[in-house]
Structure formats: structure tokens, C-alpha cells
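Work through the exercises below with the sequence and the structure at hand. Try each task before reading its solution.

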Amino acid sequence: MLVLGLETSCDETGVALYDSERGLLADALFSQIDLHRVYGGVVPELASRDHVKRMLPLIRQVLAEAGRDAADIQAIAYTAGPGLVGALLVGASCAQALAFAWGVPAVGVHHMEGHLLAPMLEEQPPQFPFVALLVSGGHTQLVRVDGIGRYELLGESIDDAAGEAFDKTAKLMGLPYPGGPEIARLAEQGVAGRFKFPRPMTDRPGLEFSFSGLKTSALNAWQQCQQAGDLTEQTRCDIARGFQEAVVDTLTIKCQRALKQTGLNSLVIAGGVSANQALRQSLEQMLAGLKGRVFYARPRFCTDNGAMIAYAGCQRLLAGQHEGLAISVQARWPMDSLPPL
Ligand code: KG4
Ligand code: ZN
């Protein structure tokens, strides 16, 4: 089955063509980062308008790259939530209109299920069951995964998501949006151990996360250095390093706990923050001790993209799922409410 995947939940327009027999044929992305950067974060109205502009050219681009024609497309998958409603509606309306015009089915995909299944596009995909750490700009969740749609939420953030913590901390350090890659870049030059920030909620049992206090710790360190006249480039790098280490350590401790609790030794990390090299290294080290393995997608499939939506949608379409003609999206949508395959 040849599936066209459309992703428009936030500030990236992602389009891909996935073939259930031959794998990923083409994918294209337009990132709106430059559009939102001047505002220090995503402006929803601007995001929606830009998705409208980018969608059809990107669809033409992937068809050309794959050497396929619109008539070859057998189904359409689009992100139906969670995300920004206006942005989601652009993808949903476009998908439903094309599906109606071409006489093919359309399926709404859960954005986080898309992220979760992105490592399946790699050469050595994970096998069920596994524990998944979903770390994006909007979510930080630990999930036991027994199959597609068979999700048990083990724990999540009670406040900021991990990516959000990176973005907010970066902003108060005067770094551009999105902050995750910026902090990661500075942290590489930072001295380990100069700044030691808390590892929130690791001193008590449980699998919940709390990241909102970390940005305050980083801000305090930042202001103290400012007052002491020590706000050098090296200090910025050292604070970034301390912050990243606190997030990475906290995520590693909670993943280890989740693996112990479930008795599994296979871990999938997905979502924008799973592109972080320090996090990958720390989890790999931890899993080596458990004789297990960490799975993740190539960096451009960690952040938002159309390929993960085409893949996840294809699995649901193959199982016979699709939508009616109604165009409906959800800003909030618990992943464990999805039907199992
Ligand atoms: O999955 P994603 O593209 O969008 C959402 O669904 O939210 O994740 C975006 C988030 C942003 O917060 C961004 O700062 C973070 O992922 N991010 C990173 C890195 N690359 C992206 N955080 C830490 N290190 C990175 N290398
Ligand atoms: Zn995402």
C-alpha cells in the first residue's frame, strides 16, 4: 500500500511517501523555525498560514522524488492531534480533500504514536514489547508498549516537558528558538561538574517527571554569574552543560526504573529530545549494564516529520482503520485511548 503522510501539528510541514512493501520512498520537510524565531517561540496563527503555503508544493516534491504520480497514492495519513488546532486543521483538511478527490481512504494519526514508531523506519527496528521514552517539546512520557495501540502510560511530566525545559532555559540564556539544539551545542564545550543542578523527583519512588524547577536553577546560576561579572562564553557553556546533565541524568534514572519495573531490557527513545547525543550515550551506557538495547530514529526523524505519520498511518490502514468524511482534530488526545491493532 502506498501511503502519503502529512504532518502539520506545530511548526514543521512534513510530507512523505511510504510503501508497505518497499519502505520509505521519499520525504520532505519545511521547517518554520526562521519564521517564529523573532518571536522566541511558535506563533500558532503564523504556523497555520505557512502550512497552507507549503503543503501542496511539498506533496509535488515527494511525488517527483519518488517518481510517482498522484494516481499511485492508495491512502493518506495525517496528524489529527495532539497539537495546535489551526495547524492540525490544515493537514486534516488537505488530507480529507485529496482523499475525497482521489477516492482513497484517509486516516488520522496520533502525533506521539508517530514519534514512538519512527525507529521502526530504521534498519534494525525494535521488537515489541519495549519501554518507550517520549521526549518532545510538548510531552515527556514513559510508556510500556506491547504492540501498536497497546500502550500503558507508566509516568509523565507533571509540569514542563523535557523539550520545553530546554527551550525555556535557552530563552532565558538569550539563545534562539528552539533551544534544545542550541544548549546541546554549547554543552559540548562546557566543563562537566562546574554547575550541579538538581535531578528532580529522583529521590522518591515513581516514574513522574518535573522539569519546571530546573530552568529556575539555571536562571539563578546565570544571574549570580552576571552579578559577579562572570558571564563569559565559557560560563554559558558550563551552565548549558550542567543543565543538560541534569535532564539527561534524570531521564536515565527514570528509564532504568521503568525497565526494572516492567522487567524489559529494550528501550525506545523518540521525539525531538531523542536527537540529543548526550542522552543517547547515557542511555546506551545504562542499557549496556542491563545487556539490553536502546533504539532511536535518525536525527531528522526524531523531530517532527512526515515519514513517521506515513508509517504509523500505514499500519492502521493495513488493519482496516480509516476516517469518515468529517474533518476532526484534537488539541489534547491521550495516547492510551487509541485502539489496539
Ligand atoms: O518532537 P518535536 O520536533 O516536536 C514536538 O512534538 O514537540 O520536538 C521539539 C523539541 C524542542 O523542544 C527542541 O528544543 C527539542 O525537541 N530538541 C532537542 C534537540 N533537538 C530538538 N532537545 C535537546 N537536544 C537536541 N539535540
Ligand atoms: Zn513532535
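The residue that follows helix α10 is Gly320, and its phi is positive, near 95 degrees. The model is a predicted one.

**Exercise 1. The length of a helix**

Task: Find what span helix α10 should have at 1.5 Å a residue, and compare it with the distance between its end C-alpha atoms.

Solution:
- Step 1. Helix α10 covers residues 306-318, which is 13 residues.
- Step 2. The expected span is 1.5 Å times one less than the number of residues, so α10 should span 18 Å.
- Step 3. The end C-alpha atoms of α10 are 18 Å apart, which agrees.

**Exercise 2. The surroundings of the helix**

Task: Decide how far α10 is enclosed by the rest of the structure, and name what covers its buried residues.

Solution:
- Step 1. A residue is buried if its relative accessible area is under 20%.
- Step 2. The buried residues of α10 include Gly306, Met308, Tyr311, Cys314 and Arg316.
- Step 3. Twelve of the 13 residues of α10 are buried, so the helix is largely enclosed by the rest of the structure.
- Step 4. Among the elements that cover these buried residues are the strands β1 (2-7), β2 (12-19) and β3 (23-31), together with α4 (111-117).
- Step 5. At the start of α10, a side-chain oxygen of Asn305 comes to within 3.0 Å of the backbone nitrogen of Ala307.

**Exercise 3. The zinc ion**

Task: List the protein donors of the zinc ion (ligand 2) and place them along the chain.

Solution:
- Step 1. The protein donors are His111 (NE2), His115 (NE2) and Asp304 (OD), and they lie 2.0 Å from the zinc ion (ligand 2).
- Step 2. Along the chain these donors have the spacing H-x3-H-x188-D.
- Step 3. His111 is in helix α4, while Asp304 is in the loop between β10 (293-295) and α10; the pair is 193 residues apart and links distant parts of the chain.
- Step 4. His111 is buried, with a relative accessible area of 6%, and Asp304 is buried too, at 12%.

**Exercise 4. Cysteines without a partner**

Task: Explain why Cys10 forms no bond with the closest cysteine sulfur.

Solution:
- Step 1. A disulfide needs two cysteine sulfur atoms within 2.5 Å.
- Step 2. The closest cysteine sulfur to that of Cys10 is in Cys302, at 16 Å, so it is too far for a bond.
- Step 3. Cys255 is in no disulfide either, as the nearest cysteine sulfur, again that of Cys302, is 14 Å away.
- Step 4. Cys10 is partly exposed, with a relative accessible area of 23%, whereas Cys255 is buried at 0%.
- Step 5. A search of the whole structure finds zero disulfides.

Key: Residues numbered from 1 in each chain as written. Chains lettered and ligands numbered in written order. Predicted model: local features only at pLDDT ≥ 70, side-chain atom pairs only at ≥ 80, totals over all residues. Heavy atoms only, no water. Buried < 20%, exposed > 50% of the residue type's maximum accessible area, 1.4 Å probe, protein only. Helix = DSSP H or I, 4+ residues; strand = E, 2+ residues; numbered from the N terminus. Contact = heavy atoms within 4.5 Å. Polar contact = N/O pair within 3.5 Å; in protein donor to acceptor, adjacent residues only side chain to side chain. Donors = N, O, S within 2.8 Å, 3.2 Å for Na, K, Ca; no water.
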